[in-house]
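Me: I am new to this structure and should like to understand the terms used to describe it. Please take me through the reasoning behind each one.

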Amino acid sequence: MIKQYLLAPGPTPIPPRVLLKMAEPIVHHRAPAFEKIMEEVREGLKYVFQTEREVLVFASSGTGAMEGAVSNFLKRGDKAICVRGGKFGERWAEICEQFGVIPVNIDVPYGKAVDPADVKKALDENPDVKAVYVQASETSTGVAHPVKEIADMVKERENTIIVVDAITALGVFDVPTDAWNLDIVVAGSQKAFMLPPGLAFAAVSEKAWKLAEESDLPKYYFDYRKEAKSIVKNQTAYTPAVSLLMGLCEVLRMMKEEGLENIFARHARLAKATREGVKALGLELFAPDSPSNAVTAVKVPEGIEGGKITKIIRDEYGVTIAGGQGSMKGKIFRIAHLGYADKFDVITAISALEMTLNRLGYPVEFGKGVGAAMKVLEEE
Ligand SMILES: *Cc1c(COP(=O)(O)O)cnc(C)c1O
């Protein structure tokens with residue numbers, strides 16, 4: 001037997017009490033029992049998003065809400081700034097192109113955060129852009145982008161909105177929707193929300209709703225305005241993912257019990273411990289300047305095949321981490337520490353990494369990475 005540990009940036013492990021909730025008999029989605037669940041879910045989502053707005057819920061992966069964040073607010077031929085610093089930033093531009101929106105791309109080297117000055121330049125050169133699309137946490141490179149700085153610039157512009165993919169940021173570090181004037185914030189269930197894949201969320205500002213009135217792009221299932229009318233009645237327009245929502249209700253209780261401040265502090269510590277652990281092994285961080293606290297991207301050391309690390313650590317040690325995506329394949333690997341993650345997940349990851357690297361002939365002094373991680377985990 002090899003015991004399995006899931007330490008990839010989505011899907012993430014699910015707490016037992018949430019699994020049990022989702023195993024309960026399903027309820028009918030037009031019955032009062034469901035409306036009660038939805039009422040609590042609405043309140044809990046507002047807490048996690050740090051917003052007074054309603055948070056829309058879709059039965060889809062996160063990309064569904066991303067698509068809707070384009071198709072509901074823009075018009076054919078509109079321009080939109082897309083911060084492309086990884087696979088998910090590129091996705092914003094791909095969605096725009098599919099809908100006939102012209103992306104103004106800001107290409108950021110992988111592993112780096114966007115420079116707010118570059119966004120300002122793009123905004124100044126294209127005063128007609130309707131939206132700025134960015135990731136709070138670019139999962140493919142392990143980078144956190146300076147969302148607040150960008151939001152401060154967009155706030156001044158009456159006809160431009162900022163749209164934040166916070167799919168691995170919400171519930172990991174502080175991205176306060178209302179306080180930062182973020183117009184649209186998108187999230188998904190299988191990352192820090194500690195649920196299986198299948199739910200997407202979106203919070204929308206008044207400024208964005210105004211744009212929605214003029215939008216002429218095609219939409220049917222991901223019609224934000226339709227969902228906004230339903231959610232205030234504790235309903236969704238179409239059949240919701242009832243069991244996932246029952247699980248979400250429990251997740252939101254857990255998150256409230258822990259409290260956002262503690263959640264952020266836990267993730268900060270786990271991320272720091274992971275970073276110190278890999279550095280102590282002589283490995284190099286891929287995003288040392290602006291690392292996301294959701295996931296740590298590490299450069300594959302010279303002379304070792306990147307694919308072998310992720311394969312051996314999974315097949316021989318039962319630990320699933322992630323490799324690099326697209327052009328980063330084989331060049332980096334990524335250790336997640338978000339959602340239902342705690343100290344011994346980091347220890348598991350670093351110790352399995354030590355054994356894997358040793359197996360691949362990389363010089364490892366056993367316990368060196370783990371020791372460095374433990375020091376951070378025990379810091380006052
Ligand atoms: C996981 C993720 C998504 C959504 O991917 P789905 O597979 O559609 O759930 C989008 N953006 C980021 C930053 C992510 O980490």
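Me: Which element supplies the largest share of the shell around the ligand?

Reply: In this predicted model, the largest share comes from α3, with 3 residues. Helix α3 spans 62-71, and α4 (87-98) likewise supplies at least two residues of the shell.

Me: What makes a residue part of the group that surrounds the ligand?

Reply: One of its heavy atoms must lie within 4 Å of the ligand. In this model, 14 residues surround the ligand, and the closest are Ser61, Thr63, Thr139, Asp165 and Lys191. By class, the shell has 3 nonpolar, 8 polar and 3 charged residues.

Me: Why is the pairing of Thr63 with the ligand called a polar contact?

Reply: The term requires a pair of N or O atoms within 3.5 Å. An N or O atom in the side chain of Thr63 is 2.4 Å from an oxygen atom of the ligand, so the pair qualifies as a polar contact. The same cut-off of 3.5 Å applies to two further pairs. A polar side-chain atom of Asp165 is 2.5 Å from a ligand nitrogen, and one of Gln190 is 2.8 Å from a ligand oxygen. The protein covers 88% of the 380 Å² of accessible area that the ligand has on its own.

Me: Which pocket does the ligand take up?

Reply: The space taken by the ligand is the largest pocket.

Me: How do you know that Glu54 and Arg42 form a salt bridge?

Reply: A side-chain nitrogen of Lys or Arg must lie within 4 Å of a carboxyl oxygen of Asp or Glu. For Arg42 and Glu54 the N to O distance is 2.8 Å, so the pair meets the rule. Because Glu54 lies in the loop between α2 (32-49) and β2 (55-59) and Arg42 in helix α2, the pair ties together parts that are 12 residues apart in sequence. By this rule the count comes to 26 salt bridges.

Me: What is notable about the backbone at Gln50, and where does Gln50 lie?

Reply: Phi of Gln50 is near 55°, a positive value in a residue other than glycine. Gln50 is placed in the loop between α2 and β2.

Me: What kind of peptide bond joins Gly10 and Pro11?

Reply: The bond is cis, with omega about -5°. Pro11 is found in the loop between β1 (5-6) and α1 (16-22).

Technical notes: Residues numbered from 1 in each chain as written. Predicted model: local features only at pLDDT ≥ 70, side-chain atom pairs only at ≥ 80, totals over all residues. Heavy atoms only, no water. Polar contact = N/O pair within 3.5 Å; in protein donor to acceptor, adjacent residues only side chain to side chain. Areas by Shrake-Rupley, 256 points an atom, 1.4 Å probe, with all protein chains shown as cover. 1 Å grid on protein atoms, 1.4 Å probe; cavity = no way out; pocket = protein on both sides within 12 Å on 5 of 7 lines; lining within 4 Å. Sits in = over half its atoms within 2 Å of the grid points. Helix = DSSP H or I, 4+ residues; strand = E, 2+ residues; numbered from the N terminus. Nonpolar A, V, L, I, M, F, W, Y, C, P; charged D, E, K, R; others polar.
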